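Work through the exercises below with the model open. Each task is followed by a solution in steps.

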Amino acid sequence: MKKIFLIFVSLICSVWVFGQDKGNVLIKNGTVLTVTKGTLTETDVLVKDGKIAQIGKNIGAPQGVKVIDASGLFVMPGIIDAHSHIALDAINEATSPVTAEVNEGDVINPLQIGIYRALGGGVTAVHAMHGSANAIGGQCETLKLRYGTFDQDAMKMDGAPRTIKFALGENPTRVHGGGNNIVPRTRMGVEFVIRQAFSQAKKYSEDWDTYNKNKLVKGFRGAPPVYNLRLETLADILKGNIIVHCHSYRADEIFMLLKVCKDFGIKRLVFQHVNEGFKVAPELAAYGAMASVFSDWWAYKFEVYYSTSYNAAILTKNGVTTSINSDDAQMMRHLYNEAAKTQKYGSLSDEEALALITINPAKQLGIDARTGSLETGKDADIAIFKNHPLSIYGVPQYTIVDGIVRFDRTNDPADMRLMVDPKQNLDEVSLQDKNIDHCMDGTEFLFGDLFGTDKK
Amino acid sequence: MIFLELIKNNFMKNFQLISGFLTALLCGLVFHIDAQNQKGKYGTFALTNATIETITKGTITNGTVIISNGKIVSVGTSVAIPQGAEVIDCKGQFVYPGMIDGATNVGLSEIGSDPRTIDFNELGDLVPQMKALTAVNPNAVAIPITRISGVTTTLSSPSGGLFPGTAALINLHGYTPDQMFAGFEGVVLNFPSGGRRGFFDRRTDEEIKKATESAQKNLNEIWERAVQYNKVDSATGGKNPGYYPEMQALLPVVRGERVLLIEANAAKDITAALKWVKERRVAKVVLTGVAEGWRMADQIAKAKIPVIVGGVLELPSRESDRYDQAYANAGMMRKAGVKVAIGSGETSNQNFRNLPYHAGFAVAYGMDKTEALKAITIVPAEIFGVADKLGSIEEGKSANLFVCDGDPFENKTQIKQVFIEGWQMPMNSRQTLLYDEFLKREPGVSKK
């Protein structure tokens, strides 16, 4: 019994260590797509302790370091998905139009098979987001896909800036105005909810400042303001400590939030989906706001009816830092193909197209000093492809996170589940949740069969 | 006088201004209308100097395709160009037959979340008499968006209940459903699913088993009624007592005159469907969806039933499956000898324009490239019984084709020309018009 216990403990420990681990590897003789520093042919990439130590020709393998022969293969930075809901056990706290106090970092599920499937598409980091039910939703978490760990904290990318989800338009108005019968029911209401929340946070922040100043005064006997995590978080947005990632579609609502942010001095702003971003591209560029878009999704609801698959190209050519995201466990496995569509719709160059899924999402998450390109000193998050990643025939062969090979197409077994429920029916088939709006997970009870969950 | 003179002068000036403005406005308006509603062009066309991928008869380099009266009238390297033909030099370009997507609801859905624009799911479990062709909207915004990507023909299918209706094959050009109809209709059957529908399905195994048995029993009863209806109908020479539109719609299927499109995805449902078809000797059957077809590939091949894969860019159906199983599905079935067409199945975002990328992914994950090309051209044409008109570049076929500057599976490739039944399509859609308008928006940030 004791022995079993010891094995169990050592297993847990080894898994934990694996999660935190940083690897060494030498990638030999590949075509290196650095994204920021051009394309280098027949070049080696040496990784030490999870970091890119050297990029160059004919690098000798240090003793004991795993060597990957990348002859004829393409080596690119690991793909970053700036909008994802994988590895999470809860998406929406749809109980109030403002829920800045909740945090996706509390509900990370490192066991989801979707993490491995994403690695199979060359993805190394994701922005695990709260849903879009609330005008001001919960805080999000930037994860590295360290599949294999059982430790939810080991999935977090330490040092990544804090981010929060906002949402405009149909989703918050449907959930709260429609479902809960409270403001906002309209886009006017959404603006009001956000302005009101920021105003309250400003007051809260000022109250604390006053208190903190006064308590230094000898003989001061006043009570501190009541601690409020929601307002605390909102105040951190006003102070520039949290990047706002706002679900949005229509040009008018995008413009509205630009004005609100300007009034409250908020500069770190990324619009998500932003299907009509192309209509206000000059304004986005002038403000320095960024955009994370779908390549071509449209028609699933009214506010995306007037979309164009040229959105990413228009935004890019107008100087907006743009990324292409998935918001979808299926699509995130071929973001390289989604990025390639900008070569059909707008003729972006290879480098511009690759930036949409590497350095640009890194900028939007505030992690571009560490990821998003192949440069010495950066984290060794790398995807290795057979055929060019922007070709339809591009197939990821290895995906490396912090120097550890987490996906190996040739050598991984077919069944990569980390935890198997012995009672699970092997015939269990999960046929497509593709018609479900993941941003609205957890709000189905408000709408009946609108989400297709009641469909036959 | 001076005052009047002033007014007169002003008037003249203003008149010039106003008339100038009006002319400009009119020009703008005309141009605007033109841009929004460019028409197709009919006539005789010669596509010269092209690499022609005929699909059925190999590749012709430096060849010519002559289009006239809606048909491909000649194909080859030494083809005479008829007088008056519009010559389109396709040097460095390729001619392919129009792609056919067998997994769509084009024209039946405009905006996914708005039920007022949804016409694919009539109420009732037994409504095969609901005809997709009736409700296909020839002006759906998705139509130009789809066709300028080279997808010229789609199967528009109802969905929902057990027998949700009759699907129709349409060409993506025309002003009435009759003009669009491409010569095939098939009755849709969603085969009763015997499995758990996913993690959200909280039924016990026993409940699922019971529900499946009951659904199968229901299906069998309906089929039995249709068989009886056929007997009565045949015996009375078509003078059936009473009005039974649903039985009337099933009649051609029972008689083996019309295809039954059976949607089945889970392995056990595919097995059950194959058994059901065999027992009832249903003559014309196509399996659709077939997400787990690879598990049953040998049985499907043995039954000689063709399939339309309902999307390659899909997740694996089971957590224990290999991560790329859905990508590999079509190729694995083809290798086992199944006749495989690839559909996009991208109904919720109306992205049927992605059909070549579904085929491309099938190739990247193991399918032979020639087979993948066939799977979106000649194979669906054969499955729908319209291979005499569609699916390849051959003399006498409908001129459904496109011209592009590279491998049509590659994203970089631009589609240069699209012809549908001999009509040269305007190469724009609402999405390209938005690009034209907003790439360099005027005014920019400042209105001055």
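Helices, at least four residues long, and strands, at least two, are DSSP runs, numbered from the N terminus. The model is a predicted one.

**Exercise 1.** Find the cis peptide bond between Val183(A) and Pro184(A), and state where Pro184(A) lies.

Solution.
Step 1. The bond that runs from Val183(A) to Pro184(A) is cis, and its omega is near 15°.
Step 2. Pro184(A) sits in a loop of chain A, with helix H3 (170–180) on one side and helix H4 (187–214) on the other.

**Exercise 2.** Which residues of chain B does a cis peptide bond join, and where is Pro443(B) found?

Solution.
Step 1. The bond joins Glu442(B) and Pro443(B), with omega about 0°.
Step 2. Pro443(B) belongs to the segment after helix H13 (430–438) of chain B.

**Exercise 3.** Ile55(B) has a positive phi. State its value, place the residue, and decide whether Ile55(B) is buried or exposed.

Solution.
Step 1. Phi of Ile55(B) is near 80°, and the residue is not a glycine.
Step 2. Ile55(B) is part of the loop that links strand S2 (45–53) and strand S3 (59–68) of chain B.
Step 3. A residue is buried if 20 or more other C-beta atoms lie within 10 Å of its own.
Step 4. Ile55(B) has 21 C-beta neighbours inside 10 Å, so Ile55(B) counts as buried.

**Exercise 4.** Repeat the analysis for Val290(B): give its phi, its place and its burial.

Solution.
Step 1. Val290(B), which is not a glycine, has a positive phi of about 40°.
Step 2. Its place is the loop of chain B between strand S12 (285–289) and helix H8 (297–303).
Step 3. Val290(B) is buried because 31 other C-beta atoms lie within 10 Å.

**Exercise 5.** Describe the fold of chain A in numbers, and compare its radius of gyration with that of a compact globule.

Solution.
Step 1. Chain A contains eleven helices and 16 strands.
Step 2. For 456 residues, a compact globule would have a radius of gyration near 23 Å; the value for chain A is 23 Å, so the two agree.
Step 3. The C-alpha trace of chain A spans about 65 × 60 × 55 Å along its principal axes.
Step 4. Of the 456 residues in chain A, 54% count as buried.
Step 5. Take the contacts in chain A between residues at least 6 apart in sequence: 70% of them join residues at least 24 apart.

**Exercise 6.** Into which domains is chain B divided, and how many residues of each domain are in contact with the other?

Solution.
Step 1. Domain 1 of chain B covers 37–98 + 392–448, and domain 2 covers 99–390.
Step 2. The C-alpha centres of these two domains of chain B lie 29 Å apart.
Step 3. In chain B, 25 residues of domain 1 are in contact with 24 residues of domain 2.
Step 4. On the side of domain 1 that touches domain 2, the largest share comes from S16(B), with three residues.
Step 5. By class, this side of domain 1 of chain B has 13 nonpolar, nine polar and three charged residues.

**Exercise 7.** How many residues of chain A are in contact with chain B, and which element of chain A gives the most?

Solution.
Step 1. The contacts involve 52 residues of chain A and 52 residues of chain B.
Step 2. Helix H2 (113–119), helix H7 (281–287), helix H8 (311–317) and helix H9 (335–344) of chain A each supply at least two residues to the side that touches chain B.
Step 3. H9(A) gives the most, with five residues.
Step 4. This side of chain A divides into 24 nonpolar, 13 polar and 15 charged residues.

Key. Residues numbered from 1 in each chain as written. Chains lettered and ligands numbered in written order. Predicted model: local features only at pLDDT ≥ 70, side-chain atom pairs only at ≥ 80, totals over all residues. Buried ≥ 20, exposed ≤ 12 C-beta atoms within 10 Å, placed from the backbone. Rg over C-alpha atoms; globule rule 2.2 N^0.38 Å. Contact = placed C-beta atoms within 7 Å. Domains from an automatic or database assignment. Nonpolar A, V, L, I, M, F, W, Y, C, P; charged D, E, K, R; others polar.
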